[in-house]
Amino acid sequence: MYSICNLSLVPVRRDPSDKSEMTSQLLFGELVEVVDKLENWRKVRIFYDDYVGWVDKKQILPITEDDMLTIRASPDIISTDLFQIIIWNQNQVCPIVIGSSLPRYSNHKFHIGQTEYSFDGNAADCREPQTQRMIEHAYMFLNSPYLWGGRSPLGIDCSGFTQMVYKLCGLFLKRDAWQQAEQGETIKELEFAKQGDLAFFQNPEGRVSHVGLILPGSNIIHASGKVRIDKLDKQGIYNEEMKGYSHKLSLIKRHY
């Protein structure tokens, strides 16, 4: 069974309960495979990053296998505006956030099944990497509040932030920081890092628990309390407000 997210942001939970921890989010247009069900809940595997979790069945739209294959075979077009609206059936409106997918998009229209949607915003084809705009995309999330499991400017976590910035550039990252740390090429020294590389940070047990995007001028942009810019050196992230280090550097990776 297959479904598509037809709402702006849908929580993906660890367990089948509204009280359960949110571990990620579905953005409009993202596809899932339903792998299990329990009452009003559906356990799904998200096609984009293979992340697995539970969603309320009322918040996703079942589609046929043919529709799923058609969407997956079409260009991966995503919205690049912070916020936009889509319209269908003349008077139905839904807000969407940056990074939302627009299935079978052409000339400001896209389709899910037999329904045609209108979209009047800016969109990008993610089949070709566009790393030259990475820093610009990262700045669009500046001051977004930290939200565990979040993937939008309304609330985002550290790995959700890096994943979404890379998605906007046509580059793929897995969902969690420790997974992203297993991707890409290791850069042995900070002095050899370039803007757009990812810096990973470890917790007291030595496990990767945080990630940020390296900026020019020994700076890093990352989600910690909010999406913010701090200083980065060989020891880690230096927070001017705290007058101390907030995160210990573990490794640096290049993913493009």
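Two rings of Phe, Tyr or Trp count as a pair if their centres lie within 6.5 Å. In this predicted model, a search of the whole structure gives nine such aromatic pairs.

One of them joins Tyr48 and Phe172. Their ring centres are 5.5 Å apart and the planes meet at 75 degrees, an edge-to-face arrangement. Tyr48 belongs to the loop between strand S5 (41-46) and strand S6 (52-56), while Phe172 belongs to the loop between helix H3 (158-168) and helix H4 (177-180), so this contact ties together parts that are 124 residues apart in sequence. Tyr48 is partly exposed, at 21% relative accessibility. Phe172 is also partly exposed, with a relative accessible area of 38%.

A further pair is made by Tyr238 and Tyr245. The angle between their planes is 75 degrees, over the 60 that marks edge-to-face, so the pair is classed as edge-to-face, with 5.3 Å between the ring centres. Tyr238 has a relative accessibility of 24% and counts as partly exposed; Tyr245, at 34%, is partly exposed too.

Ring pairs can also connect into a group. Phe28, Trp88, Phe110 and Tyr117 are linked in this way into a cluster.

Rings also take part in contacts with charged side chains. Tyr48, already met in the pair with Phe172, has the charged end of Lys167 over its ring, 4.9 Å from the ring centre. Phe47 has a charge over its ring as well: the charged end of Arg45 sits 4.8 Å from the centre of that ring.

Note on methods. Residues numbered from 1 in each chain as written. Predicted model: local features only at pLDDT ≥ 70, side-chain atom pairs only at ≥ 80, totals over all residues. Heavy atoms only, no water. Phe/Tyr/Trp six-rings, centres within 6.5 Å; stacked < 30°, edge-to-face > 60°. Helix = DSSP H or I, 4+ residues; strand = E, 2+ residues; numbered from the N terminus. Buried < 20%, exposed > 50% of the residue type's maximum accessible area, 1.4 Å probe, protein only. Lys NZ or Arg CZ within 6 Å of the ring centre and 35° of its normal.
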